[in-house]
Amino acid sequence: MRSLMTTIDLAGRLEGAPPQRPVLLDVRWRLAGPPGRDSYRSGHLPGAVYLDLDTALAAPPGTGGRHPLPSPGDLQAELRVAGVRAGHPVVVYDDGDGSIAARAWWLLRWAGHREVAVLDGGFAAWAEEGRPLSAATPDPEPGDIEVEPGSMPVLDAEEAAGLARDGVLLDARAPERYRGETEPIDPRAGHVPGARNAPFAENTGEDGRWRTPAELAAHYSRIGVTGDTAVGAYCGSGVTACSVVLALEVAGRQEPAALYAGSWSHWAADPARPVATGELPG
């Protein structure tokens, strides 16, 4: 199953027999609101189940960062309630730039579930094409997925620092946050020394659709991702960096980029960790 799915492909799959229809996960979420659940209640893809980033796709904030990885048991429980079954396809979507959907995609892949794709263009593309929507809350049959974490590489702070020195560590935040000019959320401004800026917003166009594999490959090559170089990514809290991991896979990279799950919210919380500022990696 490819990591991105078009609206045309999804519509065709939803018209098939029930056993072949993918499980749909609506993961709309916005840092400044309004709540994604409210949007879901107003209308969603038929049969889609809502999963909240803060409660289903992350553990509570704490020493591990603002959106630490959920425990395997908690994630398994959420996915089973949503109807996710072993070996059965899952399609996830949001209504923005695909980064929240990428987090859900990454978690499922991390959990060992490979049959998962992000809807290219998300809710906006589906609605703009006049495809069916529903306000009904589904009651899916419980799934049987077994979460077995470890299928996607994860970095801790020490490993992220080492990758910044010896490989390529990508900072997916906006340029002004990378440069240390502003930091609206976390305790310190700047970036991990040696990290290169790769804003996640550049993975998609204004319409929320993902750039082509060739465009993404050229984009990341300019940043320094070439050949078999070890690559990792981080962002503010480990969410939007998943967009970079997905983009690199779409671009054709064979080995998945590693995710620094705690990301800047974890790094910046320790005053002993060094911070770089400015346009250069440092």
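1. Glycine 73 is found in helix H3, and in this predicted model the residue counts as partly exposed, at 48% relative accessibility. Its C-alpha atom and that of aspartate 52 are separated by 16 Å, the two residues being 21 residues apart along the chain.

2. Helix H3 itself covers residues 72-81, and its buried residues are Leu75, Gln76 and Leu79. These three cover an arc of only 100° around the axis, which puts them on the same side of H3. On the other side of the helix, Asp74 and Val81 are exposed. A reader who turns the model to look along H3 may ask what covers its buried residues; the cover includes strand S2, residues 23-26, and helix H4, residues 99-110. Just after H3, glycine 83 takes a positive phi of about 90°.

3. Valine 147 should be read together with H3, although this residue is found in the loop between H5 and S6. Leaving aside neighbours within four places in sequence, valine 147 is in contact with Pro72, Leu75, Gln76, Leu79 and Ala111, and this list includes the buried residues of H3, namely Leu75, Gln76 and Leu79. The C-alpha atoms of valine 147 and glutamine 76 are separated by 5.5 Å, while the two residues are 71 residues apart along the chain. Is valine 147 itself buried or exposed? At 10% relative accessibility, valine 147 counts as buried, because the cut-off for that class is under 20% relative accessible area.

4. Alanine 136 lies in the loop between helix H5, residues 122-128, and strand S6, residues 154-155, and valine 147 is found in the loop between H5 and S6 as well. Alanine 136 counts as partly exposed, at 48% relative accessibility. Not counting residues up to four places away in sequence, alanine 136 touches Tyr40 and His44. A further link across the sequence is that to glycine 47: alanine 136 and glycine 47 are 89 residues apart in sequence, and 8.0 Å apart in space when taken from C-alpha to C-alpha.

5. Helix H2, residues 36-42, holds aspartate 38, which is partly exposed with a relative accessible area of 38%. Between the C-alpha atoms of aspartate 38 and serine 243 the separation is 24 Å, and the two residues are 205 residues apart along the chain. In the loop between S2 and H2 one finds proline 34, and the peptide bond that leads to this proline from glycine 33 is cis, with omega near 0°. A reader inspecting the backbone may wish to look at that bond together with the positive phi of glycine 83.

6. Where is serine 263 found? This residue is in helix H10, residues 263-267, and its phi is near 55°, a positive value in a residue other than glycine. Serine 263 is also buried, with a relative accessible area of 0%.

7. Threonine 204 is found in the loop between strand S8, residues 196-197, and helix H8, residues 213-223. Threonine 204 is buried, with a relative accessible area of 9%. Which residues does threonine 204 touch, not counting those up to four places away in sequence? They are Asp97, Arg209, Trp210 and Arg211.

8. For the protein as a whole, the secondary structure comes to 10 helices and 10 strands. The radius of gyration is 18 Å, close to the 19 Å that the globule rule gives for 282 residues, so the protein is as compact as a globular protein of that length. Along the principal axes, the C-alpha trace spans about 55 × 40 × 35 Å. Of the 282 residues, 53% count as buried. Among the contacts with a separation of 6 or more, 77% are accounted for by residues 24 or more positions apart.

9. As to the surface and the charges, the accessible surface of the protein comes to about 12200 Å², and 51% of this belongs to carbon and sulfur atoms. The protein has 25 positive and 38 negative side chains, and the centres of these two sets lie 1 Å apart.

Conventions:
Residues numbered from 1 in each chain as written. Predicted model: local features only at pLDDT ≥ 70, side-chain atom pairs only at ≥ 80, totals over all residues. Heavy atoms only, no water. Helix = DSSP H or I, 4+ residues; strand = E, 2+ residues; numbered from the N terminus. Rg over C-alpha atoms; globule rule 2.2 N^0.38 Å. Buried < 20%, exposed > 50% of the residue type's maximum accessible area, 1.4 Å probe, protein only. Contact = heavy atoms within 4.5 Å. Areas by Shrake-Rupley, 256 points an atom, 1.4 Å probe, with all protein chains shown as cover. Lys, Arg positive; Asp, Glu negative; His and termini not counted. Charge placed at Lys NZ, Arg CZ, Asp CG, Glu CD. Arc of directions from axis to C-beta.
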